[in-house]
Amino acid sequence: MRSRGVLAVTAVVAVVFQAVVPALPEWLGRTISDSLIALALGFAAVTYLRRIRIEESRRARIAVTVGAVSAASWSLANLLFLIDELTTPTFLITPASVLSVVAALLLPLGVHLMAPPVPGAERYRRLIDVAAVSGAVYALTWLYVLAPTRDQGSDGMTYGFATLLVAPEVVAASVALVTMSRNLPTRAGRAPRMLGAAAVVLALTAMLSLRSNADGRPWYNLGAGAGYLLAAAMIAVASRMATPKSEPAGTKRMISGGWAFLPYVPILLAVGASALEQIRLGRLDAVLVWVLLVTFLLVLVRQFITVAIVGRLAVTLERKQAELAHQADHDALTGLPNRSYFHRAGAELVVAGPASSMVLLLDLDGFKPVNDELGHAAGDEVLIAVAARLRAAIRPADLVARLGGDEFVLILADLDAEETGLAVAHRILDSIGDPIPVLGTTVKIGGSVGLTVSRPGETLDSLVRKADAAMYAAKSAGKGAIRRFVPSVAVAN
């Protein structure tokens, strides 16, 4: 709120100054303007200098250093202009003009550095944005500043000199608009956006001043008197705002609400202004046509890059979604379906086939000593090896899952006979009974299997409970056994 208050007061002062400056002698108006601008930018330079040591990141320190040099250059330039107004020598105009150009060139660099860095392909898209916006801003400048300067130059103002003065302002405004369009943090993003707005105001004011000169009007005409004061005040306010923290790359940087469309504003204005020029004169200057063509080509290239980025992000998102879906349904260690997936897919498998299904519950024998003696890494290797052997023992239409710990469950679907399922159970025990290489040695484990055959209308939960009861019966029988569930008793096979 304090920054807004300062800006509001400055805006009022600028409007009042713009209103009264026509009644003042020209030297007095320039003296007041130069004095206020030098004070505001001197304050900004000192503030930035004090912040160099307290900024945390190297990029932030460079940003405030650039801000200090830019503000100091502009402040010194206006002091030289002020001295020139109050004294007879005129040789100070040249160094003052050079310092003004330096400040204008450094301002967009400071705006860019004040914002967090742009990653990857997005960096190239932003460069194309700056080039396209520069083309649009130049087209507007050509229509309303450069062409009139070429045709009506006065007071020694030449077309080439006007172009030289306008070029850094065009770049500054373009960099500012592109930086402001990024999805910056809400509070910390105020600094680069404030500096960006100051660069735009400064560029617009400089162009209005050149247009006034070309038309032979007073220097303060078309709002130039208020514009420089307002831009200087905005830089002074921005010097006290926090620097945004670097943030990780994300897709949100590509589209950030209304701000994302800011670079298109000068492009639309350039199109509209060119259309009006065509209606008014029936033709367009060759320079303007070529600038517009190059600008539209850059916009097209930018859209191609955007489509490529969005397409890559879509592919990445699809892959991530598939990975997350797989992780949600599968055991991280063995890669087998987990308990959740088993109950969801197993229920469909049991009721889908016309024939009976068999549920087998396997609990490893001798697994705990492996964990205790060789460690959990060895235990993990055993579980991975068992999972691979279980996959090899079943058909593609069957299902095997890890319920947790050293407990596994299988569904053999559409069995033509119960003996087929019993043969699979024996094959499983024989397979996991083979030695397993683990951490440079071999271990041998076994397993106990409980099984049950589905009946019409029976649920998967009921089958698992029966297989679990049969498995405990196998454990009680001395392990390494297979037991089939029957009511009241699990019998040996």
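Is tyrosine 144 buried, partly exposed or exposed, and what is its relative accessible area? In this predicted model, tyrosine 144 is partly exposed, with a relative accessible area of 41%. The residue sits in helix H5, which covers residues 120-152. Apart from neighbours within four places in sequence, tyrosine 144 is in contact with Arg211 and Ala273. The second of these contacts spans a long stretch of chain: tyrosine 144 and alanine 273 are 129 residues apart in sequence, and their C-alpha atoms are separated by 9.5 Å.

**The whole protein**

The protein has 493 residues, and 47% of them count as buried. Its secondary structure consists of 15 helices and 8 strands. Among contacts with a separation of 6 or more, 73% join residues that are 24 or more positions apart. The exposed surface comes to about 24,300 Å², and carbon and sulfur atoms supply 65% of that area.

**Nonpolar cores**

In soluble globular proteins, nonpolar side chains tend to be buried together. The largest nonpolar core here has 41 residues. Those with the most contacts inside this core are Leu41, Tyr48, Trp74, Leu107, Met194, Leu195 and Ile235. Two or more residues of the core come from each of the helices H1 (2-20), H2 (26-51), H3 (58-86), H4 (93-114), H7 (190-215) and H8 (224-238). Helix H8 gives the largest share, 9 residues.

Leucine 107 shows what surrounds one of these core residues. Not counting residues up to four places away in sequence, leucine 107 touches Ser70, Leu195, Ala199, Leu202 and Ile235. Another core, of 34 residues, lies apart from the largest one and includes Ala378, Ala393, Ile436 and Val449.

**Residues along the helices and strands**

Serine 75 lies in helix H3. With a relative accessible area of 7%, serine 75 is buried, because buried means under 20%. Beyond the residues up to four places away in sequence, serine 75 touches Ala38, Leu41 and Gly42. The C-alpha atom of serine 75 is separated by 9.0 Å from that of serine 35, a residue 40 places away along the chain.

Leucine 127, like tyrosine 144, is found in helix H5. At 55% relative accessibility, leucine 127 counts as exposed. Leucine 127 and valine 175 are 48 residues apart in sequence, with 8.9 Å between their C-alpha atoms.

Threonine 452 has its place in strand E6, residues 446-453. This threonine is buried, with a relative accessible area of 3%. Leaving aside neighbours within four places in sequence, threonine 452 is in contact with Ser357, Met358, Val359, Leu463, Lys466, Ala467 and Phe485.

Leucine 439 is in the loop between strand E4 (436-438) and strand E5 (441-443). Its phi angle is near 50 degrees, a positive value in a residue other than glycine. Leucine 439 is exposed, with a relative accessible area of 58%.

The table collects the accessibility of several residues.

| Residue | Relative accessible area | Class |
|---|---|---|
| Threonine 452 | 3% | buried |
| Serine 75 | 7% | buried |
| Tyrosine 144 | 41% | partly exposed |
| Leucine 127 | 55% | exposed |
| Leucine 439 | 58% | exposed |

**A helix pair**

Two packed helices are described by the angle between their axes and the distance between the axes. How do helix H12 (residues 367-374) and helix H13 (residues 376-393) fit this description, and at what angle do their axes cross? The two axes come within 6 Å and cross at roughly 145 degrees. On the H12 side, the contact is made by Phe367, Val370, Asn371 and Leu374. On the H13 side, the residues are His376, Ala378, Gly379, Val382 and Leu383. The residues of this contact divide into 6 nonpolar, 3 polar and no charged. Ala378, which takes part in the contact from H13, is also among the residues of the 34-residue core.

**An aromatic pair**

The count of aromatic pairs comes to 1. The pair is formed by phenylalanine 261 and tyrosine 264, whose ring centres are 6.5 Å apart. Their planes stand at 40 degrees, so the pair is tilted. Phenylalanine 261 counts as exposed at 55% relative accessibility, whereas tyrosine 264, at 25%, counts as partly exposed.

Note on methods. Residues are numbered from 1 along each chain as its sequence is written. This is a predicted model: local features need pLDDT of at least 70, side-chain atom pairs count only at pLDDT 80 or more; totals for chains, interfaces and linings use all residues. Side-chain values use heavy atoms; hydrogens and water are left out. Rings of Phe, Tyr and Trp (its six-membered ring) pair if their centres lie within 6.5 Å; planes under 30 degrees apart count as stacked, over 60 as edge-to-face and the rest as tilted. Buried means under 20% relative accessible area, exposed over 50%, partly exposed in between (1.4 Å probe, protein chains only). A nonpolar core is a set of buried Ala, Val, Leu, Ile, Met, Phe, Trp, Tyr and Cys residues joined through side-chain atoms within 4.5 Å. Helices (H or I, at least four residues) and strands (E, at least two) are DSSP runs, numbered from the N terminus. Contact means heavy atoms within 4.5 Å. Axes are lines fitted to C-alpha atoms, for helices over the stretch in contact, and angles run from 0 to 180 degrees between N-to-C directions. Ala, Val, Leu, Ile, Met, Phe, Trp, Tyr, Cys and Pro count as nonpolar, Asp, Glu, Lys and Arg as charged, and the others, Gly among them, as polar. Accessible areas come from the Shrake-Rupley method with a 1.4 Å probe; for residues, only the protein chains shown count as cover.
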